[in-house]
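Here is a short report for a reader new to this structure. Look at the sequence and the model, then read on.

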Amino acid sequence: MLGKPFASLIAIAVGLAAFVPPALADGSVEVRSRAITEFKIGSDDTRFGSLEFLGGLEMVSPQRLFGSLSSIRFRQDKTHFVGVLDTGHWMTGRIERDPQGRVSGLADVAITPMRNRAGRTFEGKGHMDAEGLALHGNEILVSFEQDHRVDVYPDPGFEVSRAIDMIPIPFSKKSLRANRGFETIAVAPADSALKGGTLIVAECSLDANDNAYAAILDGPLKGRLALAHYGDFDATDGAFLPNGDLLLLERRFNVAEGIGMRLRRIKAADIRPGSVMDGEILLQGDFGYQIDNMEGLDVFAAEDGTMHVVIVSDDNHSILQRNLMLEFRLVELPSGDTAHLQR
């Protein structure tokens, strides 16, 4: 049965994505959703350390382009979102909620092909393997693997526009692994230590000390740094809290140990040129939890001032994997200080 641990292990063993759809469909997409009411399978626990599970969705669509969601970012209204698929597509839409405030479905979903700086779209992932996404004023920044780069798109208008600029990455392309490049791109708050600087973190391109490459691309602290890399967990997305701390999503996806998900919190003071970022693990899950190939994460302040954390999966367009959206509330910071959560 889809979603069972054994089925997920089979998905790993057979090598993922047997089919990569071409960039050929524009427009609205029907999405059907099933509610996920428990994070730990067989348990009604909702509190997991400093995170409270609020609910989630398992999503399917008759449109074959739906899936392979690599990153997601919410608009200021905390309802509309922009996402990128690693097949070189944009996905936009909005979340719906039930009377209790739990996510209940997606609406107004549209998928459109991305265009490179020459205005071209491509079939497959070689040139348009979009992995990371950041909203930055009137621009959208997208990080790509394989053809490693960070492209800039206008916002609004990104759905039909070519990339209008490229931000240089301070690493040679030869030093980056083909399918293990910069999956994380996030813009720090303007009043944080990074002063609105853009951070990128590689999935599993490692330096001589086996730490993952990272860099601050602009701002007063522009420069190279690294992320402490442990075992088979690789960084797949991240988002800044209002105080400048970084929530980093990491996943494990291999035959020997199966799927795993981890959420790390890195303090703002540790994000600076020359440093090796590390942080406390806030959440970790494996086959015993409602997870899959978790790749995207965003945070936003709810109406009550608390931070909500949304995590999404990439199903690799495999019938043995799932498209998931999970929502948590950050109940308290590890220090016990919740003042920074107010906006």
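Which side chain meets Asp 108 in a salt bridge? The partner is Arg 94, with 2.6 Å from N to O. This comes from a predicted model. Asp 108 sits in strand 8 (residues 103-113) and Arg 94 in strand 7 (residues 89-97). The two are 14 residues apart, and the pair links distant parts of the chain. Asp 108 has a relative accessible area of 55%, so Asp 108 is exposed. Arg 94 has 24% relative accessibility, so Arg 94 counts as partly exposed.

**The whole protein**

The protein has 343 residues, and 57% of them count as buried. Its secondary structure comes to one helix and 24 strands. Take the contacts between residues at least 6 apart in sequence: 56% join residues at least 24 apart. The protein exposes about 13,800 Å². Carbon and sulfur atoms supply 50% of that area.

**Salt bridges**

The count of salt bridges comes to 25. Three of them are set out here.

| Pair | Closest N to O | Separation in sequence |
|---|---|---|
| Asp 108 and Arg 94 | 2.6 Å | 14 residues |
| Lys 173 and Asp 147 | 3.1 Å | 26 residues |
| Asp 237 and Arg 73 | 3.3 Å | 164 residues |

Lys 173 lies in the loop between strand 12 (165-167) and strand 13 (182-187). Asp 147 lies in the loop between strand 10 (139-145) and strand 11 (149-154). Lys 173 is partly exposed, with a relative accessible area of 47%. Asp 147 is partly exposed too, at 23%. Both belong to a network of salt bridges that also links Arg 117, Arg 149 and Asp 151.

Are Asp 237 and Arg 73 buried or exposed? Both are buried. Asp 237 is in strand 17, while Arg 73 is in strand 5 (residues 69-74).

**The sheet around strand 17**

Asp 237 also leads into a sheet. Asp 237 stands opposite Leu 249 in strand 18. Strand 17 and strand 18 (residues 246-254) pair in the antiparallel sense over six bridges. They belong to an open sheet of four strands, in the order 17-18-19-21, with antiparallel pairing. Why is one side of strand 17 left without a neighbour in the sheet? Strand 17 (234-240) stands at an edge and has a single partner strand, so one side stays free of a neighbour in the sheet. Strand 21 (280-285) stands at an edge as well, also with a single partner strand. From one strand to the next, the twist averages 20 degrees.

Definitions and conventions. Residues are numbered from 1 along each chain as its sequence is written. This is a predicted model: local features need pLDDT of at least 70, side-chain atom pairs count only at pLDDT 80 or more; totals for chains, interfaces and linings use all residues. Side-chain values use heavy atoms; hydrogens and water are left out. Two strands pair if DSSP finds at least two bridges between them. Axes are lines fitted to C-alpha atoms, for helices over the stretch in contact, and angles run from 0 to 180 degrees between N-to-C directions. Buried means under 20% relative accessible area, exposed over 50%, partly exposed in between (1.4 Å probe, protein chains only). Contact means heavy atoms within 4.5 Å. Accessible areas come from the Shrake-Rupley method with a 1.4 Å probe; for residues, only the protein chains shown count as cover. A salt bridge is a side-chain nitrogen of Lys or Arg within 4 Å of a carboxyl oxygen of Asp or Glu.
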